[in-house]
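Here are a few exercises to work through with the model open in your viewer. Try each task before you read its solution.

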Amino acid sequence: MSKNSHLGHQAKKRFGQNFLNNDAVISNIVDAINPEPGENLVEIGPGLGALTEPVVERAGDLAVVELDRDLAHRLRHHPFLAKHLTIHEIDALKFDFAQLSDVDNPLRIFGNLPYNISTPLIFHLLTFKDKVKDMHFMLQKEVVQRMAAGENCKAYGRLSIMTQYQCQVIPVMEIGPEHFTPAPKVDSAIVRLIPHKEIKHPVKDLKFLNQVCLTAFNQRRKTIRNSFKKLVSADELEQLGIDPSLRPENISLEQYVNIANFIADRPNEPTE
């Protein structure tokens with residue numbers, strides 16, 4: 001029995017809990033994160049401590065964000081971990097990660113994210129990207145594929161563009177369902193996100209890029225001539241060098257930025 005055994009904790013469906021149970025896989029994940037002593041480490045959803053213990057062994061202290069009161073209580077009274085953790089018992093979606101940041105010691109955030117909130121949580125974390133060195137997350141494999149997808153690919157969409165605009169996206173490894181208790185119905189994968197120090201094609205206002213992506217991918221089978229009708233005309237798209245008969249998945253990140261900036265520059269931009 002590994003020291004990360006479940007000790008009678010029932011996984012809670014409402015929190016999307018699936019606990020890692022394979023020591024070799026856990027070790028590979030911790031190697032990918034490569035935590036070092038003195039780093040500003042933050043774990044989201046430590047659960048039963050499968051990743052927390054080996055990270056503490058390598059790095060010493062860390063902050064954890066845990067919504068489940070029972071699990072937070074266990075960590076507070078854990079014989080080995082308690083003295084190394086600063087526990088924030090709060091929903092990560094509502095947590096202000098800026099309060100953990102330090103100008104000289106940027107955040108290194110990691111965690112096995114609950115799959116039911118992973119996309120909104122990624123968007124929330126990206127708002128703190130200027131304070132982050134890197135992030136390592138276990139997600140549904142399909143979500144990692146969407147984050148990493150380039151144009152002309154079915155998986156390409158709003159998540160791909162909004163993530164890649166702000167970060168380098170590096171898929172690290174895939175993990176089958178058999179390495180979790182309870183076993184999820186999907187494959188999982190680890191992704192590494194490294195916020196860009198400089199953005200090649202800066203957008204004037206991120207909200208316009210988000211709006212353009214939402215509009216495009218809400219109707220991904222339509223040509224952009226149709227889906228963008230209320231935002232930009234076919235003539236305006238042509239002025240930007242973009243063929244209006246293309247579909248949303250055929251437009252590059254840089255072209256989405258150009259459309260967003262075109263809208264931002266308009267004297268009476270459309271309201272959301």
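## Exercise 1: the neighbours of strand S2

In this predicted model, Val42 stands opposite Ala63 in S3. Find which residue of S5 stands opposite Val42, and work out in which sense S2 pairs with strands S3 and S5.

**Solution**

Step 1. Start with S3, residues 62-65: S2 pairs with this strand in the parallel sense, over three bridges.

Step 2. Turn to S5, residues 107-112. Here S2 pairs in the parallel sense over five bridges, and Ile109 is the residue opposite Val42.

Step 3. Now check how covered S2 is. The strand runs over residues 40-44, and five of its five residues are buried, where buried means under 20% relative accessible area.

Step 4. Sort the side chains by direction. Asn40, Val42 and Ile44 point one way, while Leu41 and Glu43 point the other way. Both groups are buried, Glu43 included.

## Exercise 2: what covers helix H2

Determine which residues of H2 are buried, and name elements that cover them.

**Solution**

Step 1. Helix H2 spans residues 52-59, and six of its eight residues are buried.

Step 2. List them: Thr52, Glu53, Pro54, Val55, Val56 and Ala59.

Step 3. Look for the cover. It includes helix H1 (23-33) and the strands S2, S3, S4 (85-88) and S5.

Step 4. Follow the chain just past the helix: Gly60 has a positive phi of about 90° there.

## Exercise 3: helix H4

Explain why H4 can be called largely enclosed by the rest of the structure.

**Solution**

Step 1. H4 covers residues 118-126, and seven of these nine residues are buried, so the helix is largely enclosed by the rest of the structure.

Step 2. Pick them out in your viewer: Ser118, Leu121, Ile122, Phe123, His124, Leu125 and Leu126.

## Exercise 4: the whole chain

Decide whether the radius of gyration agrees or disagrees with that of a compact globule, then describe the overall fold in numbers.

**Solution**

Step 1. For 272 residues, a compact globule would have a radius of gyration near 19 Å; the protein has 21 Å, which agrees.

Step 2. Add the extents: the C-alpha trace spans about 65 × 40 × 30 Å along its principal axes.

Step 3. Count the elements and the buried share. There are 10 helices and nine strands, and buried residues make up 51% of the 272.

Step 4. Finish with the charges: 32 side chains are positive and 34 negative, with the centres of the two sets 6 Å apart.

Methods:
Residues are numbered from 1 along each chain as its sequence is written. This is a predicted model: local features need pLDDT of at least 70, side-chain atom pairs count only at pLDDT 80 or more; totals for chains, interfaces and linings use all residues. Side-chain values use heavy atoms; hydrogens and water are left out. Helices (H or I, at least four residues) and strands (E, at least two) are DSSP runs, numbered from the N terminus. The radius of gyration is taken over C-alpha atoms; the globule rule is 2.2 Å times the number of residues to the power 0.38. Buried means under 20% relative accessible area, exposed over 50%, partly exposed in between (1.4 Å probe, protein chains only). Lys and Arg count as positive and Asp and Glu as negative; His and the chain ends are not counted. The place of a charge is taken as NZ of Lys, CZ of Arg, CG of Asp or CD of Glu. Two strands pair if DSSP finds at least two bridges between them. Contact means heavy atoms within 4.5 Å.
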